[in-house]
Amino acid sequence: KLKAETLLAAAREAKATAQHKAVAEAALQLVKDWADASEVELPLSVCEAGRSAAQKARQFELVKELAAKADDLKKQRKAAQEYREALVVMDKDPAEPTANLTAGRYLCFVAGDWEQGVPYLALGSDAGLKAVALQELRGAASADAQAAIGDMWWDLAESKQGRERDSLRLRAGSWYRQAAPNLAGGLAGLKVKNIIGMIPVIYQA
(Lines give C-alpha, C1' and ligand atoms only; values in the text may rest on other atoms or scores of the structure.)
Protein backbone atom coordinates (compact mmCIF):
# COMPACT_ATOMS: atom_id res chain seq x y z
CA LYS A 1 0.00 0.00 0.00
CA LEU A 2 2.89 2.35 0.76
CA LYS A 3 4.33 1.65 -2.70
CA ALA A 4 0.95 2.38 -4.27
CA GLU A 5 0.57 5.67 -2.44
CA THR A 6 4.15 6.67 -3.34
CA LEU A 7 3.50 5.82 -6.98
CA LEU A 8 0.30 7.87 -7.06
CA ALA A 9 2.25 10.82 -5.67
CA ALA A 10 4.93 10.33 -8.32
CA ALA A 11 2.27 10.23 -11.03
CA ARG A 12 0.97 13.61 -9.92
CA GLU A 13 4.46 15.13 -10.01
CA ALA A 14 5.63 13.59 -13.30
CA LYS A 15 6.35 16.07 -16.09
CA ALA A 16 8.82 14.58 -18.58
CA THR A 17 8.00 11.75 -20.98
CA ALA A 18 10.57 9.48 -19.32
CA GLN A 19 8.93 10.10 -15.94
CA HIS A 20 5.48 9.22 -17.28
CA LYS A 21 6.90 6.04 -18.81
CA ALA A 22 8.56 5.07 -15.53
CA VAL A 23 5.30 5.63 -13.64
CA ALA A 24 3.37 3.49 -16.12
CA GLU A 25 5.88 0.63 -15.96
CA ALA A 26 5.96 0.72 -12.17
CA ALA A 27 2.16 0.82 -12.00
CA LEU A 28 1.82 -2.26 -14.19
CA GLN A 29 4.33 -4.21 -12.11
CA LEU A 30 2.73 -3.19 -8.82
CA VAL A 31 -0.74 -4.23 -9.98
CA LYS A 32 0.61 -7.57 -11.24
CA ASP A 33 2.20 -8.19 -7.84
CA TRP A 34 -0.83 -7.07 -5.80
CA ALA A 35 -1.80 -9.97 -3.52
CA ASP A 36 -4.62 -8.59 -1.37
CA ALA A 37 -7.86 -9.59 -3.13
CA SER A 38 -9.93 -7.72 -0.54
CA GLU A 39 -8.40 -4.36 -1.58
CA VAL A 40 -9.51 -3.20 -5.01
CA GLU A 41 -9.83 0.57 -4.96
CA LEU A 42 -6.16 1.36 -4.36
CA PRO A 43 -4.73 -0.89 -7.12
CA LEU A 44 -7.50 0.37 -9.42
CA SER A 45 -6.36 3.95 -8.73
CA VAL A 46 -2.79 2.89 -9.50
CA CYS A 47 -3.99 1.28 -12.73
CA GLU A 48 -5.80 4.42 -13.85
CA ALA A 49 -2.84 6.64 -12.96
CA GLY A 50 -0.49 4.30 -14.82
CA ARG A 51 -2.72 4.23 -17.88
CA SER A 52 -2.86 8.03 -17.96
CA ALA A 53 0.93 8.18 -17.63
CA ALA A 54 1.34 5.61 -20.43
CA GLN A 55 -0.85 7.71 -22.73
CA LYS A 56 1.22 10.81 -22.00
CA ALA A 57 4.39 8.84 -22.76
CA ARG A 58 2.78 7.37 -25.91
CA GLN A 59 3.44 3.84 -24.63
CA PHE A 60 0.40 2.28 -26.22
CA GLU A 61 1.18 -1.34 -25.29
CA LEU A 62 1.33 -0.25 -21.65
CA VAL A 63 -1.98 1.59 -22.10
CA LYS A 64 -3.52 -1.64 -23.38
CA GLU A 65 -2.10 -3.80 -20.57
CA LEU A 66 -3.15 -1.37 -17.85
CA ALA A 67 -6.65 -1.07 -19.33
CA ALA A 68 -6.97 -4.87 -19.20
CA LYS A 69 -5.79 -4.91 -15.58
CA ALA A 70 -8.31 -2.20 -14.71
CA ASP A 71 -11.08 -4.29 -16.27
CA ASP A 72 -9.99 -7.30 -14.19
CA LEU A 73 -10.04 -5.22 -11.02
CA LYS A 74 -13.52 -3.92 -11.79
CA LYS A 75 -14.72 -7.52 -12.25
CA GLN A 76 -13.07 -8.38 -8.96
CA ARG A 77 -14.87 -5.48 -7.27
CA LYS A 78 -18.18 -6.69 -8.69
CA ALA A 79 -17.47 -10.25 -7.52
CA ALA A 80 -16.73 -9.00 -4.00
CA GLN A 81 -20.05 -7.14 -3.92
CA GLU A 82 -21.89 -10.23 -5.13
CA TYR A 83 -20.12 -12.27 -2.45
CA ARG A 84 -21.33 -9.91 0.27
CA GLU A 85 -24.86 -10.13 -1.11
CA ALA A 86 -24.64 -13.92 -1.17
CA LEU A 87 -23.65 -13.96 2.50
CA VAL A 88 -26.81 -12.01 3.32
CA VAL A 89 -28.92 -14.58 1.46
CA MET A 90 -27.19 -17.50 3.19
CA ASP A 91 -27.71 -15.88 6.57
CA LYS A 92 -31.42 -16.64 6.02
CA ASP A 93 -30.99 -19.84 3.96
CA PRO A 94 -27.53 -21.44 4.44
CA ALA A 95 -28.09 -24.06 1.72
CA GLU A 96 -29.35 -21.72 -1.02
CA PRO A 97 -27.54 -23.08 -4.13
CA THR A 98 -26.99 -19.90 -6.16
CA ALA A 99 -25.67 -17.95 -3.18
CA ASN A 100 -23.35 -20.82 -2.23
CA LEU A 101 -22.00 -20.95 -5.79
CA THR A 102 -21.39 -17.18 -5.79
CA ALA A 103 -19.58 -17.36 -2.44
CA GLY A 104 -17.53 -20.37 -3.46
CA ARG A 105 -16.49 -18.88 -6.79
CA TYR A 106 -15.38 -15.66 -5.12
CA LEU A 107 -13.41 -17.37 -2.35
CA CYS A 108 -11.72 -19.89 -4.66
CA PHE A 109 -11.20 -17.96 -7.88
CA VAL A 110 -10.75 -14.39 -6.62
CA ALA A 111 -9.53 -14.62 -3.02
CA GLY A 112 -7.69 -17.93 -3.49
CA ASP A 113 -9.17 -19.27 -0.23
CA TRP A 114 -9.97 -22.86 -1.22
CA GLU A 115 -10.26 -24.11 2.33
CA GLN A 116 -13.29 -21.90 2.93
CA GLY A 117 -14.51 -21.86 -0.66
CA VAL A 118 -14.78 -25.58 -1.47
CA PRO A 119 -17.59 -26.26 1.05
CA TYR A 120 -19.63 -23.50 -0.60
CA LEU A 121 -19.02 -25.00 -4.06
CA ALA A 122 -20.22 -28.35 -2.68
CA LEU A 123 -23.58 -26.73 -1.88
CA GLY A 124 -23.67 -24.66 -5.06
CA SER A 125 -25.78 -24.87 -8.20
CA ASP A 126 -22.97 -25.68 -10.67
CA ALA A 127 -23.06 -29.47 -11.13
CA GLY A 128 -19.43 -29.81 -12.23
CA LEU A 129 -17.98 -27.74 -9.41
CA LYS A 130 -20.31 -29.40 -6.92
CA ALA A 131 -19.19 -32.91 -7.90
CA VAL A 132 -15.47 -32.29 -7.58
CA ALA A 133 -15.89 -30.19 -4.42
CA LEU A 134 -17.81 -33.04 -2.77
CA GLN A 135 -15.08 -35.47 -3.80
CA GLU A 136 -12.42 -33.19 -2.36
CA LEU A 137 -14.29 -32.88 0.93
CA ARG A 138 -14.45 -36.69 1.16
CA GLY A 139 -10.67 -36.73 0.98
CA ALA A 140 -8.22 -39.17 -0.58
CA ALA A 141 -6.55 -42.07 1.21
CA SER A 142 -4.09 -42.99 -1.57
CA ALA A 143 -1.93 -41.35 -4.21
CA ASP A 144 -4.22 -42.72 -6.93
CA ALA A 145 -7.21 -41.10 -5.24
CA GLN A 146 -5.31 -37.80 -4.91
CA ALA A 147 -4.41 -37.89 -8.60
CA ALA A 148 -8.04 -38.67 -9.45
CA ILE A 149 -9.19 -35.53 -7.65
CA GLY A 150 -6.52 -33.62 -9.53
CA ASP A 151 -7.90 -35.05 -12.77
CA MET A 152 -11.40 -33.88 -11.88
CA TRP A 153 -10.24 -30.30 -11.29
CA TRP A 154 -8.10 -30.40 -14.44
CA ASP A 155 -10.88 -31.76 -16.64
CA LEU A 156 -13.29 -29.15 -15.27
CA ALA A 157 -10.81 -26.39 -16.14
CA GLU A 158 -11.01 -27.36 -19.81
CA SER A 159 -14.56 -26.02 -19.99
CA LYS A 160 -13.68 -22.68 -18.31
CA GLN A 161 -11.83 -19.54 -19.33
CA GLY A 162 -9.58 -16.87 -17.85
CA ARG A 163 -9.01 -16.62 -14.10
CA GLU A 164 -11.40 -19.47 -13.33
CA ARG A 165 -9.61 -21.86 -15.70
CA ASP A 166 -6.19 -20.93 -14.30
CA SER A 167 -7.41 -21.30 -10.71
CA LEU A 168 -8.85 -24.75 -11.42
CA ARG A 169 -5.59 -25.86 -13.01
CA LEU A 170 -3.62 -24.62 -10.03
CA ARG A 171 -5.98 -26.49 -7.71
CA ALA A 172 -5.46 -29.63 -9.77
CA GLY A 173 -1.73 -29.06 -9.41
CA SER A 174 -1.97 -28.99 -5.62
CA TRP A 175 -3.52 -32.48 -5.68
CA TYR A 176 -1.05 -33.76 -8.26
CA ARG A 177 1.84 -32.60 -6.10
CA GLN A 178 0.45 -34.53 -3.13
CA ALA A 179 0.20 -37.66 -5.27
CA ALA A 180 3.48 -37.37 -7.17
CA PRO A 181 5.95 -38.77 -4.57
CA ASN A 182 4.03 -42.05 -4.37
CA LEU A 183 3.39 -42.36 -8.11
CA ALA A 184 6.98 -42.06 -9.29
CA GLY A 185 8.04 -44.56 -11.93
CA GLY A 186 4.70 -45.60 -13.40
CA LEU A 187 2.62 -44.20 -16.25
CA ALA A 188 0.39 -42.36 -13.78
CA GLY A 189 3.46 -40.79 -12.20
CA LEU A 190 4.78 -39.68 -15.59
CA LYS A 191 1.44 -38.11 -16.48
CA VAL A 192 1.29 -36.23 -13.17
CA LYS A 193 4.90 -35.06 -13.54
CA ASN A 194 4.20 -33.72 -17.04
CA ILE A 195 1.10 -31.81 -15.92
CA ILE A 196 2.90 -30.31 -12.92
CA GLY A 197 5.57 -29.09 -15.31
CA MET A 198 2.96 -27.46 -17.54
CA ILE A 199 1.13 -25.53 -14.84
CA PRO A 200 3.53 -22.57 -14.38
CA VAL A 201 3.66 -22.04 -18.15
CA ILE A 202 -0.12 -22.21 -18.47
CA TYR A 203 -0.63 -19.83 -15.57
CA GLN A 204 1.73 -17.23 -17.03
CA ALA A 205 0.24 -17.45 -20.52
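Helix axes here are lines fitted to C-alpha atoms over the stretch in contact, with angles running from 0 to 180 degrees between N-to-C directions. With that in hand, here's a quick look at two helix pairs in this predicted model: α3 with α4, and α4 with α5. Helix α4 takes part in both pairings.

**α3 against α4**

- Helix α3 covers residues 41–56 and helix α4 covers residues 60–92; they pack at about 160°, their axes 9 Å apart.
- Angles over 145 degrees count as roughly antiparallel, so that's the label α3 and α4 get relative to each other.
- As for handedness, α3 and α4 make a left-handed crossing.
- On the α3 side, the contact residues are Glu-41, Pro-43, Leu-44, Cys-47, Glu-48, Gly-50, Arg-51, Ala-54 and Gln-55.
- They meet a set from α4 that includes Leu-62, Val-63, Leu-66, Ala-67, Ala-70 and Leu-73, along with Lys-69, Lys-74 and Arg-77.
- Sorted by class, this α3–α4 contact comes out at 10 nonpolar, 2 polar and 6 charged residues.

**α4 against α5**

- Helix α5 spans residues 97–110, and its axis comes within 8 Å of the α4 axis, crossing at roughly 140°.
- That angle makes α4 oblique to α5.
- The crossing of α4 past α5 is left-handed.
- From α4, the contact draws on Gln-76, Ala-79, Ala-80, Glu-82, Tyr-83, Ala-86, Val-89 and Met-90.
- From α5, it uses Ala-99, Asn-100, Thr-102, Ala-103, Tyr-106, Leu-107 and Val-110.
- The class split for the α4–α5 contact is 11 nonpolar, 3 polar and 1 charged.

Methods: Residues are numbered from 1 along each chain as its sequence is written. This is a predicted model: local features need pLDDT of at least 70, side-chain atom pairs count only at pLDDT 80 or more; totals for chains, interfaces and linings use all residues. Side-chain values use heavy atoms; hydrogens and water are left out. Helices (H or I, at least four residues) and strands (E, at least two) are DSSP runs, numbered from the N terminus. Angles under 35 degrees count as roughly parallel, over 145 as roughly antiparallel, 65 to 115 as roughly perpendicular and the rest as oblique. A crossing is left-handed if the near helix is turned anticlockwise from the far one by less than a right angle, and right-handed if clockwise. Contact means heavy atoms within 4.5 Å. Ala, Val, Leu, Ile, Met, Phe, Trp, Tyr, Cys and Pro count as nonpolar, Asp, Glu, Lys and Arg as charged, and the others, Gly among them, as polar.
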